[in-house]
Amino acid sequence: MKNFIANLGYFFKEARRIIFSNKLSNFFTFSGTVLILLIFASVVAGWSVSSRLVGMLEEEAEISAFFDENLDEKEVFALAEDLSKLDGVRNARVVDESEAYKRMQEILADDAGILELFEHNPFKAYIEIRIDPGRTESIIETVKGFKEIEYVRDNKSVLKSINDIIRGIKTFGTLIIFAVGITTIIIISHMIRQGIYNNRDQIRTLRFLGAPRTFIGFPFICVGLFMTVAAGILTSLVMLILIHKVYQIMGGSIPFIPLPPVADLSLGVIIVIMGVSIVLGLTGSLFGLSSIKDHQ
Amino acid sequence: MIEVKEVSLRYRDGTLALNNINLTVGDNELVYITGPSGSGKTSLLKLIMGMEYPTSGTVKVMGHEMKEEKSEELRNLRKKIGPVFQELKLVHGRSAMENVMMGIRFLDFSRQEIRRNSADALEKVGLSHKADSMVENLSWGEAQRVSIARAIARKPRLILADEPTGNLDHDNAVNILNILASFRQKDTSVIIATHATHLIEDQKNITIVRMNQGNISVEKRGGEE
């Protein structure tokens with residue numbers, strides 16, 4: 001260990017020399033790694049946003065129960081009280097006609113003027129029931145069983161569609177992660193093999209002098225790490241800019257998509273990218289070293 | 001220190017480099033291996049270094065039998081040897097000092113010792129003033145001395161030099177042999193392979209191993225050096 005620390009400066013100097021001994025080839029390796037990590041970072045960001053969207057939609061899981069119009073106010077509140085006591089129901093509250101009208105005005109925003117075409121309020125009062133999303137089916141059946149309830153409206157189909165999209169994103173993301181991992185490992189290990197080949201005389205001499213494998217190999221591991229970590233840092237910077245740009249665009253034009261806070265998303269993506277960069281750099285270097293040792 | 005017993009070495013192409021040879025080298029010996037080109041001098045040194053393995057017979061160096069499968073032992077043994085290669089094996093793009101330091105960085109020396117030993121070794125071979133010169137800019141004789149400095153900076157128990165006087169004029173060759181011979185100490189032996197027999201004619205207290213077509217004859221020459 002004492003020996004290792006005493007040689008840290010040497011290892012870094014050797015790594016720098018290996019990188020700069022083949023500038024053009026290593027520049028392309030670096031650029032390729034940045035592009036691959038950018039694809040990976042975009043998938044991670046998309047995954048993060050979509051997972052949050054699903055989480056929020058699930059949190060907001062609710063059904064609307066429309067009741068018999070002949071019920072008086074007292075009976076309606078009693079019905080809401082009964083519904084709120086059902087197993088799996090988080091709460092139930094009455095939304096009267098005027099609140100329903102206001103909600104639609106908020107949803108339509110600039111187009112809300114269309115509601116003024118109606119002479120009377122077209123919306124009916126209903127009971128808004130927030131439920132455990134895992135028990136949607138059974139709760140709907142129970143609520144339908146109440147004789148005062150005329151019909152129930154739910155957002156099951158919307159949730160199912162979104163879940164299908166998310167599943168697609170996750171499958172695609174998993175494939176991308178595999179592709180990114182394998183491609184980066186191959187690129188880095190190839191670069192290491194090239195470095196070993198270029199320095200084969202020096203390596204052979206060191207072996208004849210009794211240098212251990214760790215001493216010979218560590219500069220090459222540093223090379224792999226430097227390349228991927230530098231690529232990770234550049235990718236993180238590009239992603240920071242991209243995320244801010246996308247937030248500016250989406251925040252203005254698609255306001256109903258619940259994006260996570262920009263700082264949280266940026267930090268999460270940076271942590272993942274840097275972690276993956278380190279792991280892939282190490283793996284690629286070790287793979288490069290191990291695959292060539294028998295030929296030296 | 002070295003025990004070579006009934007050793008033969010045949011290369012893959014069928015060439016018989018060494019033919020059933022025996023040799024013993026003790027501590028504090030200065031051994032010259034002489035003979036014409038192709039007589040087996042380098043092959044014998046390679047066996048002692050563990051760069052080749054005998055087809056038959058045994059080679060023991062400092063108690064370790066040289067076998068291919070004992071790679072960890074071999075690595076540790078090599079740490080105790082200071083080799084001076086025929087083709088020098090210096091690393092281009094590095095200074096003389098860096099080349100010497102590179103040969104001892106993985107030994108049990110502190111950072112200060114690595115630098116001090118390397119500087120001392122360069123001083124002993126008379127190259128302190130070229131410490132920062134790139135090795136590719138040195139003359140062959142200077143590069144040869146850097147190679148020797150790399151070997152002796154390791155504080156080895158055995159110095160092996162393969163044709164260290166090759167490509168050198170008479171004065172430089174004598175100088176190199178004298179430098180190498182000076183490192184023979186109480187527990188350090190020096191083995192030098194050379195075809196320049198005229199340079200060692202007058203030397204005393206040495207062992208001369210004469211090689212010819214894979215066979216050897218040993219002459220122990222006593223008296224004052």
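**Strand pairing, cores and chain architecture in a predicted two-chain model**

In chain B, strand β1 (residues 2–10) pairs with strand β4 (residues 56–61) in the antiparallel sense, over five bridges. The structure described here is a predicted model. Within the pairing of β1(B) with β4(B), E3(B) has K60(B) as its bridge partner. Strand β1(B) also pairs with strand β2 (residues 16–25) of chain B, again in the antiparallel sense and here over six bridges, and in this second pairing V7(B) stands opposite I21(B). The strands β1(B) and β2(B) form a hairpin in which five residues lie between them, and G14(B), which belongs to the turn, has a positive phi of about 95 degrees.

Positive phi values also occur in chain B at residues other than glycine. K89(B), which is not a glycine, has a positive phi of about 55 degrees and is placed in the loop between β6 (81–84) and α3 (96–102) of chain B. Because 19 C-beta neighbours lie inside 10 Å of it, whereas a buried residue would need 20 or more, K89(B) counts as partly exposed. K155(B) likewise has a positive phi, near 50 degrees, without being a glycine, and is found in the loop between α5 and β7 (158–162) of chain B. With 15 C-beta neighbours inside 10 Å, K155(B) also counts as partly exposed.

Taken as a whole, chain B contains six helices and ten strands. Its radius of gyration is 17 Å, close to the 17 Å given by the globule rule for 225 residues, so chain B is as compact as a globular protein of that length. The C-alpha trace of chain B spans about 45 × 40 × 35 Å along its principal axes, and 43% of the 225 residues of the chain count as buried. Of the contacts in chain B with a separation of 6 or more, 64% are accounted for by residues 24 or more positions apart.

In soluble globular proteins, nonpolar side chains tend to be buried together. The largest nonpolar core of the model has 62 residues, of which V100(B), A149(B) and L160(B) touch the most other members. Helix α5 (residues 140–152) of chain B gives the most to this core, contributing six residues. When residues up to four places away in sequence are not counted, V100(B) touches S118(B), A121(B), L122(B), V146(B), A149(B), R150(B) and A153(B). Apart from this core lies another, of 38 residues, which includes W47(A), I187(A), C222(A) and L280(A).

L280(A), one of the members of the 38-residue core, lies 8.2 Å from L225(A), C-alpha to C-alpha, although the two are 55 residues apart in sequence. L225(A) is found in helix α9 (residues 213–253) of chain A and is partly exposed, since 19 other C-beta atoms lie within 10 Å, where 20 or more would be required for burial. Leaving aside neighbours within four places in sequence, L225(A) is in contact with I278(A), G281(A), L282(A) and S285(A).

Chain A contains ten helices and four strands, which follow one another along the sequence in the pattern α-α-α-β-α-β-α-β-α-β-α-α-α-α. The chain is divided into domain 1 (2–57 + 160–295) and domain 2 (62–154), and the C-alpha centres of these two domains lie 51 Å apart. A compact globule of 296 residues would have a radius of gyration near 19 Å, but that of chain A is 30 Å. Along the principal axes, the C-alpha atoms of chain A fill a box of roughly 100 × 40 × 30 Å. Of the 296 residues of chain A, 24% count as buried, and residues 24 or more positions apart account for 84% of the contacts in the chain that have a separation of 6 or more.

Between the two chains, 16 residues of chain B are in contact with twelve residues of chain A. On the side of chain B that touches chain A, the elements giving two or more residues are α2 (71–78) and α4 (111–124) of chain B, and α2(B) gives the most, with three residues. By class, this side of chain B comprises six nonpolar, three polar and seven charged residues.

Methods. Residues are numbered from 1 along each chain as its sequence is written. Chains are lettered from A and ligands numbered from 1 in the order in which they are written. This is a predicted model: local features need pLDDT of at least 70, side-chain atom pairs count only at pLDDT 80 or more; totals for chains, interfaces and linings use all residues. Domain bounds come from an automatic or database domain assignment. Two residues are in contact if their C-beta atoms, placed from the backbone, lie within 7 Å. Ala, Val, Leu, Ile, Met, Phe, Trp, Tyr, Cys and Pro count as nonpolar, Asp, Glu, Lys and Arg as charged, and the others, Gly among them, as polar. A nonpolar core is a set of buried Ala, Val, Leu, Ile, Met, Phe, Trp, Tyr and Cys residues joined through C-beta atoms within 7 Å. A residue is buried if 20 or more other C-beta atoms lie within 10 Å of its own, exposed if 12 or fewer, and partly exposed in between; C-beta atoms are placed from the backbone. The radius of gyration is taken over C-alpha atoms; the globule rule is 2.2 Å times the number of residues to the power 0.38. Two strands pair if DSSP finds at least two bridges between them.
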